[in-house]
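Subject: Structure for you to look at

Hello,

Here is the structure I promised to pass on. Please open it first, then read the notes below.

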Amino acid sequence: NFSLFRYISNKFTDVDEEFIELADKNNIDENWLYIEGNYSISNKEILTIEDYIRRQEILNLDVIVLYNKNYINIIKDIAYKGIKECNILVQTNDNKFTLVKINNDEMLNLKNKYNEATVTFNLFNSADANVYAMIKYMPEQYKEKYKLNVIKGRDVFNVDNIVKVPLLSSVTVSGFNTFTSYPKYTYNIDVGHASVIMKNCGILDKKHKNFGFTPKEYESIDKVCITSEMNMLIQSAFSAISENKYEITGNPRTDILMLSDGRTNLEKLLNRDLKDKKVIFNMPTFHVHENSGVINGDPINEGIKIKNFNYAKFDKLLGEHNTILISKVHHAEERLVTSKMKGYKLKNIIFVSNNDLEEKNLNLYEVLNCADILITDYSSIYGDFLFMDKQVIFTNYDIEQYRAERGLSLEPYDFWTAGPKVKTQEQLESEVVKCLYDENYYKEKRHELRDVFYKYKDSNSTLRVWNHIDKVLSNKEN
């Protein structure tokens with residue numbers, strides 16, 4: 001004649017006594033069955049799991065498992081024994097309780113050990129191209145062998161997913177280190193979202209050493225997929241990553257750049273015929289991070305990172321040269337910048353966002369290869385154009401401020417940037433015209449640096465990452 005609710009609550013910390021009394025008074029536990037070891041405990045009786053399974057149709061109780069370090073083994077065990085559904089009782093950060101339900105299909109998954117051949121991906125946004133490529137270009141030889149569990153966006157941080165993912169799969173893959181916030185129950189692969197990283201990150205960031213790429217994140221990552229030895233050195237300087245955690249596979253997103261029909265996809269995105277138009281992409285890094293408030297360089301609230309930029313004048317120049325400019329700002333400042341930019345009435349400058357891409361079911365990298373020129377500042381998107389051997393113009397009017405506040409990882413800056421540097425609109429306009437009509441401009445420098453940052457220049461990077469996953473799931477490694 002004990003209170004099941006009080007019994008469970010005593011296993012948590014900071015449980016409000018009045019809450020226990022209220023729950024007990026209202027008999028909210030009368031239909032619950034709590035699993036403890038090999039026993040099922042209810043307010044009426046204690047049974048072995050086997051005895052409960054024989055009588056479960058009669059007893060008709062909801063099974064509760066406590067969320068702790070043993071919950072995965074407990075749920076696997078009761079799934080093997082034949083319990084069809086269960087609930088996981090989780091205490092949230094605000095000291096409340098929530099129930100995460102594991103349904104019949106998910107329990108059958110565990111019983112049949114399908115979780116051991118399932119890979120969970122977090123497709124964070126429309127610019128998360130490495131993960132996108134891993135899903136889109138999954139090799140045929142692995143489609144029958146492995147199942148995919150895809151979580152989109154910030155849903156990866158939901159309590160349900162944090163609790164369920166280790167039950168549903170044994171390998172997790174992300175490009176934004178999102179699974180590092182989970183308890184360490186899966187083999188965790190980082191496929192990255194950058195190749196040529198211009199700005200200091202992690203412990204090299206002069207102001208925000210805990211903002212991203214921190215050593216703590218990489219403690220729970222088992223393998224980091226990278227493009228070259230050079231990128232290993234840069235990443236390790238940021239994050240103190242051990243050399244045995246690296247696998248040089250290439251970036252899966254470069255497969256998209258080589259295999260996609262970018263012009264057709266861009267026409268789909270813009271809903272217009274581009275005919276013989278030249279295409280420029282403007283893609284700077286963030287200067288104001290909307291979610292965290294982190295500021296890098298001059299917090300300029302513009303699409304093109306040049307002071308006092310005259311969009312109408314630039315729009316006219318583009319028209320004269322039968323060229324359009326697609327301006328896509330960093331996802332970290334999309335709300336701040338894109339809403340302002342879309343108010344401009346321009347013919348040849350088009351502002352697009354992740355939402356625009358998602359509405360047309362496109363990934364950013366499926367349109368990127370149609371570009372003739374990139375305009376950027378310190379963004380790692382530079383590396384993708386280096387890979388494609390395409391021209392890049394660098395806007396760096398605030399470079400000294402950027403150096404002082406965050407720092408640049410590749411110095412001297414002029415040596416590592418294969419393209420002209422501009423600080424004013426007049427300089428930008430001059431260099432745009434030069435790039436439009438001279439394909440060999442900076443070509444020798446691009447080839448020199450491309451060999452440094454990319455070991456592979458083929459469309460098999462996705463395959464190489466999947467081959468590593470296959471090793472892990474085939475128990476050939478670790």
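A word on terms before the findings: helices and strands here are DSSP runs, numbered from the N terminus, with at least four residues for a helix and at least two for a strand. With that in hand, Pro-412 is easy to place: Pro-412 sits in the loop between helix 18 and helix 19 (413-416). The peptide bond that joins Glu-411 to Pro-412 is cis, with omega about 0°. Please keep in mind that this is a predicted model.

**Overall picture**

The chain has 478 residues, and 56% of them are buried. It holds 22 helices and 18 strands. Along the principal axes, the C-alpha atoms fill a box of roughly 85 × 50 × 45 Å.

**A buried aspartate**

Start with Asp-398. It lies in the loop between strand 17 (391-395) and helix 18 (399-405). Asp-398 is buried, yet it has no salt bridge. How far away is the nearest side chain of opposite charge? That side chain is Lys-305, and it is 8.4 Å away. A salt bridge needs the nitrogen and the carboxyl oxygen within 4 Å, so Lys-305 does not qualify. Asp-398 does have a polar partner: its side chain and that of Tyr-378 are joined by a polar contact of 2.7 Å.

**Two crossing helices**

Next, look at helix 4 (residues 71-81) and helix 8 (residues 159-168). Their axes come within 10 Å and cross at roughly 55°. Are the two helices parallel, perpendicular or oblique to each other? They are oblique. That follows because angles under 35 degrees count as roughly parallel, and the roughly perpendicular range is 65 to 115. The crossing of helix 4 and helix 8 is right-handed.

Helix 8 is mostly covered, with 8 of its 10 residues buried. The buried residues run through Asn-161, Ile-162, Val-163, Lys-164, Val-165, Pro-166, Leu-167 and Leu-168. Note that Lys-164 is among the buried residues of helix 8.

**Salt bridges**

How many salt bridges does a search of the whole structure find? The search finds 25. Side chains of opposite charge can pair when their charged atoms come close. Three pairs are worth a look.

The pair Arg-6 and Glu-17 forms a salt bridge, with the closest N and O atoms 3.0 Å apart. This pair links distant parts of the chain: Arg-6 is in helix 1 (residues 4-9), and Glu-17 is in helix 2 (residues 17-25), 11 residues apart. Arg-6 is partly exposed, with a relative accessible area of 27%. Glu-17 is also partly exposed, at 42% relative accessibility. Both belong to a network of salt bridges that links Arg-6, Glu-17 and Glu-21.

Glu-45 and Arg-55 form another salt bridge, and their closest N and O atoms are 3.3 Å apart. This pair, too, links distant parts of the chain, 10 residues apart. Glu-45 is in the loop between strand 2 (39-41) and strand 3 (46-48), while Arg-55 is in helix 3 (residues 49-59). Glu-45 counts as partly exposed at 26% relative accessibility. Arg-55 counts as partly exposed at 33%.

Lys-445 and Glu-448 pair within one helix. Both lie in helix 21 (residues 443-453), 3 residues apart, about one turn of the helix. Their closest N and O atoms are 3.7 Å apart in the salt bridge. An α-helix has 3.6 residues a turn, so residues three or four places apart point the same way. Is Lys-445 buried or exposed? Lys-445 counts as buried, because its relative accessibility is 17% and the cut-off for buried is under 20%. Its partner Glu-448 is partly exposed, with a relative accessible area of 41%.

**Two positive phi values**

Two residues other than glycine have a positive phi. For Asn-27, phi is near 55°. Asn-27 lies in the loop between helix 2 and strand 1 (32-36). It is partly exposed, with a relative accessible area of 42%.

For Lys-113, phi is near 60°. Lys-113 lies in the loop between helix 5 (104-111) and strand 7 (118-123). It counts as partly exposed at 45% relative accessibility.

Best wishes

Terms used
Residues are numbered from 1 along each chain as its sequence is written. This is a predicted model: local features need pLDDT of at least 70, side-chain atom pairs count only at pLDDT 80 or more; totals for chains, interfaces and linings use all residues. Side-chain values use heavy atoms; hydrogens and water are left out. Buried means under 20% relative accessible area, exposed over 50%, partly exposed in between (1.4 Å probe, protein chains only). Lys and Arg count as positive and Asp and Glu as negative; His and the chain ends are not counted. A polar contact is a pair of N or O atoms within 3.5 Å; within protein, one must be able to donate a hydrogen and the other to accept it, and residues adjacent in sequence count only if both atoms are side-chain atoms. Axes are lines fitted to C-alpha atoms, for helices over the stretch in contact, and angles run from 0 to 180 degrees between N-to-C directions. Angles under 35 degrees count as roughly parallel, over 145 as roughly antiparallel, 65 to 115 as roughly perpendicular and the rest as oblique. A crossing is left-handed if the near helix is turned anticlockwise from the far one by less than a right angle, and right-handed if clockwise.
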